[in-house]
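Good morning, and thank you for joining. Please take a moment to look at the structure on the screen before I go through some of its features.

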Amino acid sequence: MYSLETRKLCKGFGALTVADNIDFRLEPGARHALIGPNGAGKTTFVNMLMGALAPSSGQILLGGEDVTRTPQSARVRRGLGRTFQITTLFRNLPVLDNVALGIAERDGTATRIWRPASSHKEIIEEARSLLAGLGLADDAPIRVADLPYGKQRLVEIAIALGLRPKVLLLDEPAAGVPSHESEIILSNLEKLPSDIAILIIEHDMDLVFRFARRITVLVQGTVLVEGPPDEIARDARVHQVYLGEQGHA
Amino acid sequence: MSGYSADPRIRWTEWLPWLAAIAFFFLMPSYLSLGARILIFILFALSLDLILGYAGIVTLGHSAFFGLGAYTAGALGAHTGVTDPLVQLAGAAALSALLGLATGAVILRTRALTLLMLTLAITAILLEIANKWTSMTGGADGLSGVKVGEILGLFRFDLYGRTAFFYCLVVLFIGWWVVRRIVFSPYGAMLTGIRENAARMHAIGAPVYWRLVVIYTISATMAGIAGALLTQVNQFVGLNVLGLEPSGDILVMLILGGVGRLYGAFIGPVVYLIAQDYLAKQYPEYWYFGIGVLLIVVVLFARGGILGILDVFLRNKKTV
């Protein structure tokens, strides 16, 4: 059984096809990268996996169960977590609250309406230890908007981890981060629990080839090729897509 | 500030409004009816703050619940012989809650301008019903002859408005306490999350729509109770409790005081209603002009309302 699977997943906007019969499988504990040139449909694919966007046809299975029509919140409760390409945080709230809100959703505390939030020590402790694990222990009381961008990217990851996902979708975790800081993000990604199946979408090829044990190349909404990194690196078609573009430019 | 990093303990400054209200009772005995009116609108503003300030639901239709509560208490007192004030309050609360649930479940699937127009439409429909259903509501003449009995069979509403003032003060205190609990609870923190970033709330697994329906219903209930209080204090209901105007008024009051902060709902109605009372006596034709100027000043120079100005002032003092 796969952690996450799509069968003949399609999505079109009018005449434009952005996902064309995508068959994709994520093994338990996978470190899988999805790469492809701009406009290949990577983010659309992630949005369909999450349930933020409905596919035109095809199937999505999470842990073997069909979740094609399941709303996003229910998929998250079944163990699907994500980070956003464009930082999507509670900017005016402290870092601690950003993580605590997610943990509270996971364990059902979020709907409790009487006891003060700050008296739920177990949630606060868990949030603190998560932040400490990502080197953000001292940033807990700081408003997210006041954090440097690289740390905001780590808060994205911290929130996702607070959900204890079985499958984690990382949408360009190092997007917009200067290269010397992306090292910190990579080292944190390498420390993630090995039982989480991770799908990473990334433009930074260094990061992809160091992190992923399997790579899928998406071009114009279809899977061009899939395999281990060394095979992908040698593949002529992949060179065509990436280097060919450069050649014309 | 609410949420997981906030200290939920009551600070000494939070007792000031209550001390001020008690001082008002003894120092300004001839203004008790204005005082009761202010307390009622504070409760109404608090209910609006819960959905607008914390959950980020923008509405021009909050008078629907206020008005329904007012007419429910009025109809009970005038037509059915149910004169116990607390039973009237409970009836108003129940019907307002039902209306909040029913309309919230429909309109909270929409957002922004659509949502704003739908809220306005609902209170406009209620206004028209109240206008036409004269046998029940008295129509444009208003509903008079509302009988209100003794509170708990003990306290009669007196001519000077003493009982009315204390009655409103106690109900407001309970309302404030409930709102304060909610705001500081995980649910309150979660609502702040929805206001700050709904996409993120979806991604952490929150069924945002249902969460909004629940708080909308709670807020509607409170607004209905405030409306019922107004009826009981005046022993009369007029059409001016429904429609755009009271919705706009309460919104202006909350913005004046400061949205998204518990005590903005206290400051706003005090300033607005006292200014209205004073200006309407001095310049009966132009009093809205004064309110307009006040609102422009606050929106242009103090986005956090009057409390926001105080904040800035206090912070500067600290750093100096």
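I begin with A:Arg164, which sits in the loop between α5 (149–162) and β7 (167–171) of chain A. Please keep in mind that this is a predicted model. A:Arg164 is not a glycine, yet its phi is positive, at about 45°. Is this residue buried or exposed? A:Arg164 has 15 C-beta neighbours inside 10 Å, and therefore counts as partly exposed.

Chain B offers a further case. B:Ala112, also a residue other than glycine, has a positive phi near 50°. This alanine belongs to helix α5 (residues 112–132) of chain B. Because B:Ala112 has 8 C-beta neighbours inside 10 Å, it counts as exposed.

I return now to chain A and its strands. Strand β1 (residues 4–13) and strand β2 (residues 16–26) of chain A run antiparallel to each other and are paired over seven bridges. Within this pairing, A:Glu5 has A:Arg25 of β2(A) as its bridge partner. The two strands, β1(A) and β2(A), make a hairpin with two residues between them. In the turn, A:Gly14 shows a positive phi of about 60°.

Finally, I turn to the contact between the chains. Chain A contributes 36 residues and chain B contributes 26 residues. Which elements of chain B give two or more residues to the side that touches chain A? They are α7 (162–184), α8 (186–196) and α9 (198–203) of chain B. The largest share, seven residues, is provided by α8(B). By character, this side of chain B comprises 14 nonpolar, eight polar and four charged residues.

Note on methods
Residues are numbered from 1 along each chain as its sequence is written. Chains are lettered from A and ligands numbered from 1 in the order in which they are written. This is a predicted model: local features need pLDDT of at least 70, side-chain atom pairs count only at pLDDT 80 or more; totals for chains, interfaces and linings use all residues. Two strands pair if DSSP finds at least two bridges between them. Helices (H or I, at least four residues) and strands (E, at least two) are DSSP runs, numbered from the N terminus. Two residues are in contact if their C-beta atoms, placed from the backbone, lie within 7 Å. Ala, Val, Leu, Ile, Met, Phe, Trp, Tyr, Cys and Pro count as nonpolar, Asp, Glu, Lys and Arg as charged, and the others, Gly among them, as polar. A residue is buried if 20 or more other C-beta atoms lie within 10 Å of its own, exposed if 12 or fewer, and partly exposed in between; C-beta atoms are placed from the backbone.
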